[in-house]
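Welcome, and thanks for opening the viewer. Keep the selection tool ready, and let us walk through the model one stop at a time.

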Amino acid sequence: KAEGLLQRSPGQRPGCSACKGSLVSEQHPDIGEISKLGQRYLDGQLRGSQLTGSFALSRADDIPTVESMGAERLEALRRIGLEQLPGRVAFGVLAAGASSRMALSDLPDACREMLEEAGQTDLPTSKALVPVYSDSRTGPLNFLDLFLRNIHQFRARHAIDNPALLLSSEANGDEIDLHLRKVDAQQVLTFRQPLAPQIAATVNDIQRASKNFASDDTLDLAARRSACWAGREVLIGKPAGHGEFLHQLVESGTLSELSRRGIEFLTVRNIDNAAALLDDTWLSLLGYAVEQQLDCLLEVCPRLEGQKGGALIRQREQWRIAEDPSFHSTPHSATESCYINNAVALFRLDYFYKLYETAPAELQSASPQRLAEIADQGRRKFPVIVEAKPVVLRDGSVVGAVTPETNLWESTGVVSDVRIGAVGVPSEQSVGADFLDQPAETRSIAAQRVRFSPTKTWDDYNDAVKRAILVGIVDKLLNAD
C-alpha cells in the first residue's frame, strides 16, 4: 500500500493514511520537491551495482594471520618495515562523517560529561570529535585526539617527520580544522569532500537496510515518512561515501603533493577504529607488503556472528572487498564469508596511479580542471552503492535517505594490474570470554594486541569490552617506550 502511494505527480503535496494524521504528512522545511535525481531513483534507474561473475568466499585458512606468523617472523618483517619508514609513508584517517548510526543528538551521559569537562557547550557535528576517554592524565580525548597522539608518539619513537593525512567534509571541515589548530597538530595535510544531495528512500529500500536504523521505532517512523516523501530531495547534503577519499585525493591535488614529498605508501583507517595503531605490528604489516611486493594490503579479521560489514572475497584470482549491498543479486551474503573488512589498508601510491590512469608527472602539471577530469575517470569505474541510511532533520526527526555513493574498499574490485593481499589481525573477539574478569594489567596487554574494535553505534560506545580495550589503547599511547 505504501509503495503504491509513490505513484503521484512531482508537484503533489505529500500526505497519506499511512502517516495516521501525524506531522509526517505535513510539509517539512528540510524536504524539497522531487528532483530529476529523485525521479530517476523512483523509476528504478538508480540501483546499486551488484557482484557479477564467479567469486569465492574467504575461508579461515586462506590467508596468513598476525597471530600465526610467530615472533621471529614478525620481527624480521618489522625490520623490513623500518627500512621503508623514513619519509616514505603517510598516515591517513577518514574523518568526514557524523555516522548514520550514532546520532549526535543522542549522546550518552558519559559523553556529555566529557564535553562539559572540555569546556564545550555545543555538540560536535563530527564523529571524529566525539569524546571517548578521560582521566587525570589525559583530560577528555576524542577519536581525533587518539589518532594525533598515536602519530606524535610514533614519529618521536622513530625520529621521523612523516605527514598525516585527514579527510573531512564540507559539513565538518571547519570544526575539525579549528580543533587541529587548538591542539597544534603538526604535519597534518587536510582536504575535504563536497556534500552530495540526498533523496528520501522508498519503504522497500528502508526495510532492506534496517540494520542502519538504531531502533525498530526509528525504522517504523522512517518507513511511514517514506510513504509520503520517497523521491523528494532531503535538503541536507552528506558526504558521498568513502570512495570520495580517493577521488578527492586526486582532485584536491593532495596525491600530487604526497608524490612531490617522496611518499610511496599511504596507510588508511576509519577514525572510529582506534585499535588500528601505528606500532610494531603495523611495521610488520608494512614489511609484509614490501616483501610480497603488494600494491594494497588489507587488514581483515574473522566475522563475529551476526556482524554486518563488507567481506573479503576472491575474484579473478585476486583478493578484493565487496560490501553488503553488492551481494543482493547473488545467492550469497557478505556474512557467509569468513573474513570481514576492517576498513584498514596500506596502499602503494602506484595503486592510485593505476586506478586513475595517471602518473606523478601528469598530476604535478595538471590544472584544477584536469585534476577533476582525472578523478572522474576513476570515479566512473566504481560500483555505485545505493543504501538507505537515517538522516536527522533539523527538528530532530529522522527520515531514511539514499545517496549514490562509491566505496573506497570497492576500488579493490575495479583497479587492474595490481597485487592485493590480505592479513588476518586480532579483533576484540581475541581477548577471550573472561577478559573483563582478568587483572587490569593482563587486560591491558590483551587489549593492546587488538587491531579491530570499531565504534559504530552508541551501544558499541557503551559496550564494556570495547571500553576496556580502549583503556588498554590509551595506556599504550601514553607509554612512549
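**Stop 1: helix α6**

Select helix α6 and colour Gly173, Ile176, Asp177, His179 and Leu180, which are its buried residues. This is a predicted model, so everything on this tour belongs to a prediction. Now look down the axis of α6: the buried residues fall within an arc of 105° or 160°? The arc is 160°, so these residues line one face of the helix. A general rule helps here: an α-helix has 3.6 residues a turn, so residues three or four places apart point the same way.

Next, colour Asp174, Arg181 and Lys182, which are exposed on the face of α6 turned away from its buried side. To see what covers the buried residues, show β5, α5, β6 (164–169) and β7, which are included in that cover. Just after the helix, click on aspartate 184, whose phi is positive, near 55°.

**Stop 2: α5 beside α6**

Keep α6 on screen and add helix α5, residues 143–158. The two axes come within 12 Å and cross at roughly 45°. The helices are therefore oblique to each other, and α5 passes α6 in a right-handed crossing. Which residues make the contact? From α5, select Leu144, Asp145 and Leu148; from α6, select Ile176, His179 and Leu180.

**Stop 3: leucine 144 and the cores**

Stay with leucine 144 and hide its neighbours within four places in sequence. Beyond those, leucine 144 is in contact with Ala128, Leu129, Leu166, Ile176, His179, Leu180 and Ile271. Now zoom out to the largest nonpolar core, which has 63 residues. Leu144 is one of the residues with the most contacts inside this core, together with Phe91 and Trp282. Another core, of 44 residues, lies apart from it; try selecting Leu189, Phe191, Tyr351 and Phe382, which are among its members.

**Stop 4: helix α4**

Select helix α4, residues 109–117, and colour its buried residues Cys111, Met114 and Leu115. Down the axis of α4, these residues fall within an arc of 105°, so they line one face of the helix. Turn to the other side and you will find Asp109, Glu113 and Glu116 exposed. What do the buried residues of α4 pack against? Show β4 (131–133) and α16 (458–462), and you have their packing partners. After α4 comes glycine 119, with a positive phi near 75°.

**Stop 5: threonine 138**

Move to the loop between β4 and β5 (141–142) and pick out threonine 138. Is threonine 138 buried or exposed? Its relative accessibility is 13%, and buried means under 20%, so threonine 138 counts as buried. Setting aside neighbours within four places in sequence, threonine 138 is in contact with Tyr133, Arg149, Val474 and Leu478.

**Stop 6: valine 66**

Jump to helix α2 (residues 66–69) and click on valine 66. Valine 66 is buried, with a relative accessible area of 10%. Leaving out neighbours within four places in sequence, its contacts are Leu74, Thr281, Leu285, Val423, Gly424, Val425 and Pro426. For a distance exercise, select aspartate 437 as well: valine 66 and aspartate 437 are 371 residues apart in sequence and 25 Å apart in space, C-alpha to C-alpha.

**Stop 7: two positive phi angles**

Find glutamine 187 in the loop between α6 and β7 (188–193). The phi of glutamine 187 is near 55°, a positive value in a residue other than glycine. Glutamine 187 is partly exposed, with a relative accessible area of 28%.

Then go to alanine 343, in strand β14 (residues 339–348). Alanine 343 is not a glycine either, yet has a positive phi of about 55°. At 7% relative accessibility, alanine 343 counts as buried.

**Stop 8: α9 and α14**

For the last view, show helix α9 (residues 243–251) with helix α14 (residues 368–379). Their axes come within 8 Å and cross at roughly 155°, which makes α9 roughly antiparallel to α14. This crossing is right-handed. To light up the contact, select Glu244, His247, Gln248, Val250 and Glu251 of α9, then Leu371, Ala372, Ile374, Ala375 and Arg379 of α14.

Conventions:
Residues numbered from 1 in each chain as written. Predicted model: local features only at pLDDT ≥ 70, side-chain atom pairs only at ≥ 80, totals over all residues. Heavy atoms only, no water. Buried < 20%, exposed > 50% of the residue type's maximum accessible area, 1.4 Å probe, protein only. Helix = DSSP H or I, 4+ residues; strand = E, 2+ residues; numbered from the N terminus. Arc of directions from axis to C-beta. Contact = heavy atoms within 4.5 Å. Core = buried A, V, L, I, M, F, W, Y, C linked by side-chain atoms within 4.5 Å. Axes fitted to C-alpha atoms, helices over the stretch in contact; angles between N-to-C directions. Parallel < 35°, antiparallel > 145°, perpendicular 65-115°, else oblique. Left-handed = near helix turned anticlockwise from the far one by under 90°.
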